[in-house]
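Got the viewer open? Here's a walk through one model, stop by stop, with something to select each time.

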Amino acid sequence: MVITRFAPSPTGYLHIGGLRTALFSWLWAKRNEGKFLLRIEDTDQARNSDDALNAIIKAFDWVGMSYDGDVVYQSKRFDVYTKYINQLLDEGKAYKCYMSKGELASLREEQMAKKERTRYDGRYRDFDGTPPDGVEPVIRIKAPLDGKLEFNDGVKGLISIDATEVDDFVIARADGTPTYNFVVAIDDFEMGLTTVIRGDDHLYNTPKQMIVYNALGFEMPKFYHVAMINNEQGKKLSKRDGATDVMDYQTQGILPEALLNFLVRLGWSHGDQEEFSIDEMIELFNPKDINKSSSNYNLDKLMWLNANYMKKMDRDKLIELLKDYGLDISTHSKKDNIIDATIERAKTLVELVSQINLILDTPKEYDAKSSKKAFKGEASKILKEFIEELKAKDILDTPKDYHDVMDNYLSKNELGFGKLGQPLRVALLGKMSGSGLDEIMYILGLDEVASRVENAIGFIES
RNA sequence: GACCCUUUCAUCUAGUGGCCAAGGAUACUAUGUUUUCAACAUAGUUACAGAGGUUCAAAUCCUCUAAGGGUCGCCA
């Protein structure tokens, strides 16, 4: 049984990088018909824990990832941690340290001055004297004094660190609350994790957690440390690089399938394949194939994927989704034509909505450059004649009918398409680019087309 | 500063000693198609961080250098 987890600290929204490691963990659990657990790391100041948790769950919901069992809150497990702390104290594997914060700070300064790695010097490790007055001790764990701390990372290979690099770190604060590296090891063990996939900013925590595993006699899970996602310049991803909150992608009109497809290909690949359905990801993903190096974040490919997913999507589902973006065409008699006319011109749902609105909304004004170019010469005369031709036609049931009227009119008068097309387009849409004219006219119907063209003629002549 | 990790086109990546004068995708450029824009099709530009080894043969193995990242909390 493979058991993986995602363990965020509830400090805010779900970050795009967090979603990727969660996705990797989720996929691996799914592939092995195992479990994917969710744990909230709130041992410290549990600031707006509820909001943050809800934000994370909302994001999971949106992308369609689900976790197994109940959410585990570390803040509700303090009695468990206390039990283990006492056990280690009894066994002499942990000890009370009476060093004050001030003393610790000056020790660090000294070490900095000597250009050493800063670390606790173990001064209370074997202390059996009288403790100083007025100092609430912290509990420190005894780290090995020599040798190496080694583990085999599933991504990076053998990680080897001198034991002297790791100090006797604090496992319980002066107020008795346990610290991160201690509780993570306990929970990962007690939750039965077989596989931990996490960001490589945790790489250096692993030896520390190893010390806890060893002290408690726990078996270690397999670790996979995934390199960070950087921005396009290779620097750490920050808010100024665009959307880091997963839910921002919904706002931008990105499909969750596209986002996951984009993320799964950051640091992982399967030959030359670019597009993966969720089922394919589950079938093919293996953490041993994760790349060692960090990847840079570039939205071009996401947009390309999103456009592809939109095109492939079931039309009714797409139209339903559009409602979330303020556009309801579900009862429009020509809804399929509307999608046909616009889908190739939009990379996001938001763009699709604006493309559709461009057709559906009567233009309020004409783009200055476009009208200058299109509304000149005989434009108004041509538009007038064309509308008469349209009105004279008795059947206008398909885009092609409109197209035929255009063709007939142009060949009768020996005119190029642009002579009619340009002014007509600006009359209908207010600008020079957009969907095919025949489709637009068919969607709008004769009356609306005539009305928009008459407006344009009025504009030209005034 | 110390320790650890990383390094193939602009970007995501394929590549585990010969199949690589390095493949795919995005982006970019050009051409075609189209009433415009987009989409599509075709073509094109661009990369093994550097230097030394090992080997008949190196993007792939070794060493050094450089650059980038991470970590050094009674945060997580």
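**Stop 1: Arg108 and the RNA**

Select Arg108 and RNA strand B together: an N or O atom in the side chain of Arg108 sits 2.8 Å from a phosphate oxygen of the strand. Keep in mind that this is a predicted model, so treat each distance on the tour as computed from predicted coordinates.

Now pick Ser295, where a polar side-chain atom lies 3.4 Å from a phosphate oxygen of RNA strand B. For a contact with a base, go to Leu437: here a backbone N or O atom is 3.1 Å from a base oxygen of RNA strand B.

Next, colour the elements that give two or more residues to the surface near RNA strand B: α4, β5, β7 (157-162), α5, β12 (295-296), α10 (299-312), α17 (417-429) and α18 (437-461). Which element gives the most to this surface? Select α10, which contributes 4 residues.

**Stop 2: The whole RNA surface**

Widen the selection to everything around RNA strand B and you should have 59 residues, with Arg173, Gly267, Asn296, Glu344 and Gly434 coming nearest. On the RNA side, sugar and phosphate make up 69% of the strand's atoms that come within 4 Å of the protein. Colour the protein side by residue class and this surface splits into 27 charged, 18 polar and 14 nonpolar residues.

**Stop 3: The second largest pocket**

Go back to Arg108, but now hide the RNA. Arg108 is also among the residues nearest the centre of the second largest pocket, along with Leu104, Arg140, Phe169 and Val170. In total, 27 residues line this pocket, and its volume is about 550 Å³.

To see the secondary structure behind the lining, select α4 (101-113), β5 (138-141) and α5 (180-190), each of which supplies at least two residues. The largest share is from α4, with 3 residues. By class, the lining of the second largest pocket has 12 nonpolar, 11 charged and 4 polar residues.

**Stop 4: The sheet through β5**

Stay with β5 and switch to cartoon view. An open sheet of 3 strands runs in the order β4-β5-β8, and the pairing is antiparallel. Its edge strands are β4 (94-97) and β8 (170-172), each pairing on one side only. Going from one strand to the next, the twist averages 45°.

Zoom in on β4 and β5, which are paired in the antiparallel sense over 4 bridges. For a landmark, pick Cys97 and look across to Val138 in β5, which stands opposite.

**Stop 5: A hairpin**

Select β6 (residues 148-153) and β7. These two strands form a hairpin with 3 residues between them. They run antiparallel and are joined by 6 bridges. Where does Lys148 find its bridge partner in β7? Click on Asp162. Remember that β7 was also on the list of elements at the RNA surface.

**Stop 6: The largest pocket**

Now for the largest pocket, whose volume is about 1,100 Å³. Centre the view on Pro8, Ser9, Gly18, Asp201 and His202, which lie nearest the pocket's centre among the 37 residues that line it.

Three elements to highlight are β1 (3-6), α1 (16-31) and β9 (195-199), each giving at least two residues to the lining. Of the elements, α1 provides the largest share, 6 residues. The lining of the largest pocket divides into 15 nonpolar, 12 polar and 10 charged residues.

**Stop 7: The sheet through β1**

Follow β1 away from the pocket lining to finish. Here 3 strands form an open sheet, in the order β1-β2-β3, with parallel pairing. Because β1 and β3 (72-73) stand at the edges with a single partner strand each, one side of each has no neighbour in the sheet.

Last, select β1 and β2 (residues 35-40): the two strands run parallel, and 4 bridges join them. Pick Ile3 and you'll find its bridge partner in β2 is Lys35. If you turn on side chains here, it helps to recall that in a regular strand they alternate between the two faces of the sheet.

Methods
Residues are numbered from 1 along each chain as its sequence is written. Chains are lettered from A and ligands numbered from 1 in the order in which they are written. This is a predicted model: local features need pLDDT of at least 70, side-chain atom pairs count only at pLDDT 80 or more; totals for chains, interfaces and linings use all residues. Side-chain values use heavy atoms; hydrogens and water are left out. On a 1 Å grid over the protein atoms alone, a cavity is a set of points where a 1.4 Å probe fits but cannot get out, and a pocket is an open set with protein on both sides within 12 Å along at least five of seven lines; lining residues have an atom within 4 Å of a point. Grid points are joined across faces, edges and corners, and a volume is the space filled by probe spheres set on the points. Ala, Val, Leu, Ile, Met, Phe, Trp, Tyr, Cys and Pro count as nonpolar, Asp, Glu, Lys and Arg as charged, and the others, Gly among them, as polar. Two strands pair if DSSP finds at least two bridges between them. Axes are lines fitted to C-alpha atoms, for helices over the stretch in contact, and angles run from 0 to 180 degrees between N-to-C directions. A residue is near a molecule or strand if one of its heavy atoms lies within 4 Å of it. A polar contact is a pair of N or O atoms within 3.5 Å; within protein, one must be able to donate a hydrogen and the other to accept it, and residues adjacent in sequence count only if both atoms are side-chain atoms.
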